[in-house]
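Me: I should like to learn how to read the features of a protein model one at a time. Could you give the general idea in each case and then turn to the structure itself?

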Amino acid sequence: MVLGLSHHSAPVEVLERVTVDDDARDKMLDALLQTGQVSEAMIVSTCNRIEIYGVVDAFHPALDAVGGVLGDHAGMGVEELGRQAYVHYGQAAAHHLFSVAAGLDSLVVGEQQILGQVRTAYGAAEQQRAVGTVLHGVAQQALRVGKRVHTETGIDEAGASMVSVVLDRVADATGGDWADRHAVVLGAGAMGGLAVAELSRRGVGRMTVLNRTPEAAERLAATAGEAGVVAAAGPDTAVFDVLGGADVLISCTGASAPVLTADQMFDPLAARTGAHDLIVCDLALPRDVDPAVAGLPGVQVIDIATLQRDPVGGVSTEAAEAAESIVAEELGAYLAAQRAASVTPTVAALRRRADEVLIAELDRLDGRLPHLSGDDRAEVSKTLRRVVDKLLHSPTVRVKELAAGAAPMDYAAALRELFELSPSAPAAVTEAPGADRPCAPKLSGRMEDR
């Protein structure tokens, strides 16, 4: 099951409340497992989505438990969360994860960063020992799907990312000449590194990288310098000192509250000279820039809310359809493998039953023909085992093939009925991981399936 909120379902103001940093993620994973309703869990948190993936036995109790953990983290009640969230279950949940990893569900369709973010989410869950067989299988296949989509389709030919799209909008507003521009990058994490690389590729004339840890800023500035950019580095506290001569500010810190407020920005903006505005690009969630900054004179703000209001296009229909085709193909293969695996415990139980019958008959033969030599008995045993193996080979191979098909037939149940296998044996009645069992998703009667 997946319970999530994204740019599709919730405004930035809500996404800010549910966003999860590393410390909160680990605590939430522990809380999910402690509910007793979730046996495996993974949390994907990016600048435009928060999604909790869980392996569950009972849908409605698990949905309430997961919704409770997320609601407690965000300080949101069940009804408020239910109005903004979406739920996918079984086959639909696997399809959603594959689409996310492929970049088809992103704010910037086709961006590659989400693949690394899913990989990071999986690694964090594994570190917390929240990953088991089911989640391992679906997450690893999702990563393969994402890699295949980016390798085999043209979905990322334009190299689109949050940074590139935002800088395209900056170029539209300024005329596109980067050579005489001074860009300031606030934050030296993954997004900051991407911003430095993209600005260098576009030929920005000058760059200043600022970060809470100056050493990280210095490394990125050195990278920009190697690309021929005049680059400097400093602490994040210097941001207001450099705004007077900056043309573009890209902010992407990991702060939990705004680092640039209207009061702080007022004097630096008033001291600016020149005919053009300062363009502030806020790529963080929670936002680094107080929304009130957009109301100050001499500044333009581009943030995730801006992109939500004006959705990003650019991916060709052909590339998108090719990517969706791969997702559908991989989903079919995944579900077929799960259906085939679902009969494996029953096949094993059948072979154990055959072995029990064989041993009983050999014991009965010993009682009726006590004069048989050890060699003769061994030969009889080998012969009977070959007969059993040959009789069971075709049915067991065929039942796996049939189970992997799309026909809605419970072949495992048929085997248990025909051969009187014990339905109480857990190994014999294991349900296929990922099987799609239709059920109307509700969180205390309010959650809708979107």
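Me: How much surface does the chain expose, and what share of it do carbon and sulfur atoms supply?

Reply: Accessible areas come from the Shrake-Rupley method with a 1.4 Å probe, and for residues only the protein chains shown count as cover. Here the chain exposes about 21200 Å², of which 52% is supplied by carbon and sulfur atoms. This is a predicted model, in which local features need pLDDT of at least 70 and side-chain atom pairs count only at pLDDT 80 or more, while totals for chains, interfaces and linings use all residues. Residues are numbered from 1 along each chain as its sequence is written, and side-chain values use heavy atoms, with hydrogens and water left out.

Me: What percentage of the residues count as buried?

Reply: A residue is buried under 20% relative accessible area, exposed over 50%, and partly exposed in between (1.4 Å probe, protein chains only). By that criterion, 47% of the 450 residues of the chain are buried.

Me: How many helices and strands are there?

Reply: Both are DSSP runs numbered from the N terminus: helices are H or I with at least four residues, strands are E with at least two. The chain has 17 helices and 10 strands.

Me: Which residues touch the most other members of the largest nonpolar core?

Reply: A nonpolar core is a set of buried Ala, Val, Leu, Ile, Met, Phe, Trp, Tyr and Cys residues joined through side-chain atoms within 4.5 Å. The largest such core has 104 residues, and Met1, Leu5, Met42, Leu70, Met162, Leu199 and Met207 touch the most other members. Apart from it lies another core of 18 residues, including Leu243, Ala246, Ala262 and Leu296.

Me: What is Leu5 in contact with, beyond its neighbours within four places in sequence?

Reply: Contact means heavy atoms within 4.5 Å. Among the partners of Leu5 are Val14, Leu15, Ile50, Leu70, Leu81 and Tyr86. For the chain as a whole, 75% of the contacts with a separation of 6 or more are between residues 24 or more positions apart.

Me: Is strand β1 enclosed or open to its surroundings?

Reply: All 5 of the 5 residues of β1 (residues 2-6) are buried, so the strand is largely enclosed by the rest of the structure. Val2, Gly4 and Ser6 lie on one side of β1 and Leu3 and Leu5 on the other, and both faces are covered.

Me: Which strands form the sheet that contains β1, and in what order?

Reply: Two strands pair if DSSP finds at least two bridges between them. The order is β2-β3-β1-β4, an open sheet of 4 strands with antiparallel pairing. Because β2 (38-46) and β4 stand at the edges with a single partner strand each, one side of each is left without a neighbour in the sheet. From one strand to the next, the twist averages 15°. β1 is joined to β3 (residues 49-56) over 5 bridges, with Leu3 partnered by Ile52. β1 also pairs with β4 (residues 86-88) over 3 bridges, where Val2 stands opposite His88. Between β2 and β3 there are 8 bridges, and Glu40 has Val55 as its bridge partner in β3.

Me: Where does helix α2 pack, and at what direction to β2?

Reply: Axes are lines fitted to C-alpha atoms, for helices over the stretch in contact, and angles run from 0 to 180 degrees between N-to-C directions. Helix α2 (residues 22-34) packs on the sheet, touching β2 and β3, and its direction makes about 155° with that of β2. Helix α6 (residues 113-127) also lies across β2 and β3, at about 145° to β2.

Me: What is the order of strands in the sheet with parallel pairing?

Reply: This open sheet of 6 strands has the order β7-β6-β5-β8-β9-β10. β7 (230-235) and β10 (299-303) stand at the edges, each with a single partner strand, so one side of each lacks a neighbour in the sheet. β5 (residues 182-186) pairs with β6 over 5 bridges, and His182 stands opposite Arg206. Of the 6 residues of β6 (residues 206-211), 5 are buried, so the strand is largely enclosed by the rest of the structure. Helix α8 (residues 162-174) lies across β8, β9 and β10, running at about 165° to β9.

Me: How many disulfides does a search of the whole structure find?

Reply: A disulfide is a covalent bond between the sulfur atoms of two cysteines. The criterion is a pair of cysteine sulfur atoms within 2.5 Å, and the search finds 0. Cys47 is buried at 12% relative accessibility, and Cys281 is buried at 0%.
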